[in-house]
Amino acid sequence: MSVVKGNNTIVVSRQVKDTALCYHCGAECLSENIAYDNKTFCCEGCKLVYEIVSHNGMCDYYKISAHPGLSQIKPLRKDKYAYLDNEAIASSLYKFTDGKNIIVTLYIPGVHCSSCMWLLEHLYKLNAGITESRLNFTAKEVTIRFDKQVISLRQVIELLATIGYEPYISLDDANKKQPKNYNKKSIYKLGVAGFCFGNIMLMSFPEYLSDNTIEGQYASLFRILNLALSLPVFFYSASDFFKNAWKSYRQKAINIDAPVALAILITFARSVYEIVTGSGAGYLDSMSGIVFFMLAGRMIQDKTYQSISFHRDYQSYFPIAVNVVSNEGVASTSLKDLKKGDIIELYHDDIIPADAVITDGRGRIDYSFVTGESEPVSVTAGETIYAGGRQTGEKMRAQITKPVASSYLTSLWNHHTFSRNKAEQNNKKSFVHLLAGNFTIVLFALVMVTGIYWALNDPAKILPSVSAMLIIACPCALLLASTFTDGSLMRLLSINGLYLRDAFVIEQLGKINHVVFDKTGTLTSGSTDISTKGHELTMEEKDLVFTAASSSKHPYSMALVKYLPGCKKLNMEKWEEIPGKGIEAIVNGNYIKIGSAAFIDLPVTDAKANFYVLVNNKLTAFYIMPVIRKGIPGMLGKLSGTHGLSLLSGDNDKQKPYLQKLFGRNTELLFRQQPVDKLSYIDVLQKKGKKVLMIGDGLNDAGALQQSNVGITLADDINNFTPSCDAILKAENFSNLPSLLRLSKAGKKIINLSFGISLIYNIIGLYFSVQGKMNPLLAAILMPLSTLSIVLVTVGISNLYTRYIGLRINPESQPQYKT
Amino acid sequence: MSVLYVLVLVSILVASVFLGAFIWSVRSNQFEDNSGASMRMLHDNDNPQH
């Protein structure tokens, strides 16, 4: 379901002969009438963009990529951004202002190709007030600097909207001021560790290659330089390991960082001791190397998708301002200042910001995103409308009855489920920490035994042997194995359309044994299918019905028009639409009625039909069925063999018989579920010991997504609004779900395998060190060798396995640039 | 052999220059947008202000 305006799916067009493609967006042109400059366009909107672009001499836009634009079929409402004239609201979006120049950063979901970047960075050509614009392509954010005296923020945003790059502005933008969570520190730490590691290796070469014949003065020179170079590694780059270890000690739960930090500490202490006393060269090269590789692994694992947000709540769904009616007229008011009793004005496509009662006009409220109901609800004056619904009718007025924060929809966020930090909990539960904990306990037992043994036999050997053990037995290999596996799996999953919030989701996903589906927007797509019963319309009758329906804006009429393609529009003698009931018309002398059973006023055989069409006393019943997404039946069949399934729908049970057949007889299908019902259903499953995966798409699933072990949001366009979740799955990849779950399950096995391989290196190292034959050169060879083999094994096996289960391992080819 | 002292010092200095360049590149936000720069370089720059 698409909820963000101006965010239409990009049409991938293949040149088909005989059909003209829109020069701007590449969509098929249904009529040849819209032309300009010998070029055809699919709609007036696209033509307008072309006119602006070509008028300003910016036709390079169309040369860089073919059909770079987005379809402009949905016109922009004239006063949509009028609220930005209110300086208080506008300034909440400013990133910087000196009174004259203003800098704003806007999120533009439509950015997708090189042409987009070119146009957005040449905005100064369109308006002299814009002095600079720069696009962050990865984050889809454009930063614009403009002169307040020449152009206002509203004009800047309207300019962007008219050239087809409408920014997405929500209440969230006004509230958050902090920059994106972008971790520069970890890049510095990695860079410093790499620098020191390389130079320490270089300085250690004389030590590796000499047979203790290196002259004394040089030996100490290199050793002291090594020591100096290792200080930034120990105190700066490795600091996170110490911090995490300390945290785990305080919380009395050993995580993997604790033994790693201990090993780093011991290695450093022993190396300092050896260098200071002149008894040896220490193992600073190995220490800085391992820190460098571990940081690299962490970075690969923590790679995030900048343009996708996993933490959205209702705030990013709500608009930033609404029109409030007062004695002085209509004025834009920031949503934060909206009070109980205010009268607001809502237009077509506006979102209701708070629970309210209609005072004037009537509405058709689409609640599909908040409740899962697929049919819009007709409401008239005096009825209550709920926050989160979308008005799809004409202009109406309503009085606020509850403040924004305590509305029906927003109160869901006060549920205790939302107060826990799921990411942190998942991290703590990871088997890697458990393994590291057990590993540490065994290691300490061995160290104790060794220590006691030497205390009884030769006390002088306690320290060297114990420290050697602690150094060799560092579980860095485990850390490397898990981070590189996670990073590699996250990359492979994202290639196949599943974007994870963080790496810990992989392990949770591998444990899932029960999958709960939402219906509206998840199993079904936004489009509908129509079936009929009763009298079959002839070609002539179809034209008549088409004519009567095409003048109405009711969703059923619009669906009917779509259902009757290629029909001709005829003359109408009479046409009347009775709101909430139907249409009555006389076309070419034929009497036509379209509407509900009560409106038709004839005995009907099936009360379940959505509406009826009466042409010259011949009755046809129409059923509107949401279309089930492609590949769903096959996917459910595959999944039911390995996982338990359930369906939770906020919708009515009209489709139950069909869905029951799809899911199998033993699957529980529940309808008319409120958001809180969904949440508690998952809670009950979990109390029975199930690991639950929830797949939903709307705000009505937000509670269930949060409560479940893993919550996946299905999205037709991953840059659209999605409720807070653990992962986002592209709708086109939905049928691959069983394979994606299998791949996640493999993660644990791959980590165990590569950990096993690295243990072989540890045993080799231990074998030499026990005999006192461990020299720095051998250590310097073993360390990178084991790291390299872990990386190769994890990346190699995860790629091979992905191909084996039939998923893609390479991203889809990028769109070709015109030469 | 004392030339070794000079050489070691020079090598560390050269390496430090690269470290400095790296820190500068992170500071100037060059790691923020990994895919944008590759497209931007193909565009003709005809903005007189730049």
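Biologist: Asp726(A) catches my eye: which residue's backbone nitrogen does the side chain of Asp726(A) reach at 2.7 Å?

Modeller: A word on the ground rules: the model is predicted, local features need pLDDT of at least 70, side-chain atom pairs count only at pLDDT 80 or more, and totals for chains, interfaces and linings use all residues. Residues are numbered from 1 along each chain as its sequence is written, chains are lettered from A and ligands numbered from 1 in the order in which they are written, and side-chain values use heavy atoms, with hydrogens and water left out. A polar contact is a pair of N or O atoms within 3.5 Å; within protein, one must be able to donate a hydrogen and the other to accept it, and residues adjacent in sequence count only if both atoms are side-chain atoms. At 2.7 Å, the side chain of Asp726(A) reaches the backbone nitrogen of Gly711(A).

Biologist: And is Asp726(A) buried or exposed?

Modeller: Asp726(A) lies in the loop between strand S27 (710–715) and strand S28 (727–730) of chain A; helices (H or I, at least four residues) and strands (E, at least two) are DSSP runs, numbered from the N terminus. Leaving aside neighbours within four places in sequence, Asp726(A) is in contact (heavy atoms within 4.5 Å) with residues including Phe310(A), Lys422(A) and Tyr499(A). Buried means under 20% relative accessible area, exposed over 50%, and partly exposed in between (1.4 Å probe, protein chains only). Because its relative accessibility is 1%, Asp726(A) counts as buried.

Biologist: Let's zoom out. What percentage of the residues of chain A count as buried?

Modeller: The secondary structure of chain A comes to 26 helices and 28 strands. Among its contacts with a separation of 6 or more, 67% are between residues 24 or more positions apart. Of the 819 residues of chain A, the share that counts as buried is 54%.

Biologist: How about chain B: what percentage of its residues are buried?

Modeller: Chain B comes to two helices and zero strands. It has 50 residues, and buried ones make up 24%.

Biologist: What is the area buried between chain A and chain B?

Modeller: Buried area is the accessible area (1.4 Å probe) that two parts lose on being put together, summed over both. Here 34 residues of chain A are in contact with 29 residues of chain B. Tyr188(A), Phe195(A) and Tyr218(A) supply 20% of the area that chain A buries against chain B, more than any other three residues. Carbon and sulfur atoms give 61% of the total, which is about 2800 Å².

Biologist: Which residue of chain B meets Glu121(A) in a salt bridge?

Modeller: A salt bridge is a side-chain nitrogen of Lys or Arg within 4 Å of a carboxyl oxygen of Asp or Glu. Across the interface of chain A and chain B the rule finds one. At 2.8 Å, N to O, the partner of Glu121(A) is Arg40(B).

Biologist: Still at that interface, which element gives the largest share of the side of chain A that touches chain B?

Modeller: There are three residue pairs in polar contact between chain A and chain B, both residues at pLDDT 80 or more. H4 (114–120), S5 (130–136), H7 (184–209) and H8 (216–237) of chain A each supply at least two residues of the side that touches chain B. The largest share, eight residues, comes from H7(A).

Biologist: Back inside chain A, which residue forms a salt bridge with Lys678(A)?

Modeller: The closest N and O atoms of this pair are 2.7 Å apart, and the partner is Asp701(A). The pair links distant parts of the chain, 23 residues apart: Lys678(A) sits in helix H23 (residues 675–687), its partner in the loop between strand S26 (692–696) and helix H24 (702–707). Lys678(A) is buried because its relative accessible area is 0%. The value is also 0% for the buried partner, Asp701(A).

Biologist: One last residue: what is the relative accessible area of Ile343(A)?

Modeller: Ile343(A) lies in strand S9 (residues 343–346) of chain A. Not counting residues up to four places away in sequence, Ile343(A) touches Asn323(A), Val324(A) and Val325(A), among others. Ile343(A) counts as partly exposed because its relative accessible area is 28%.
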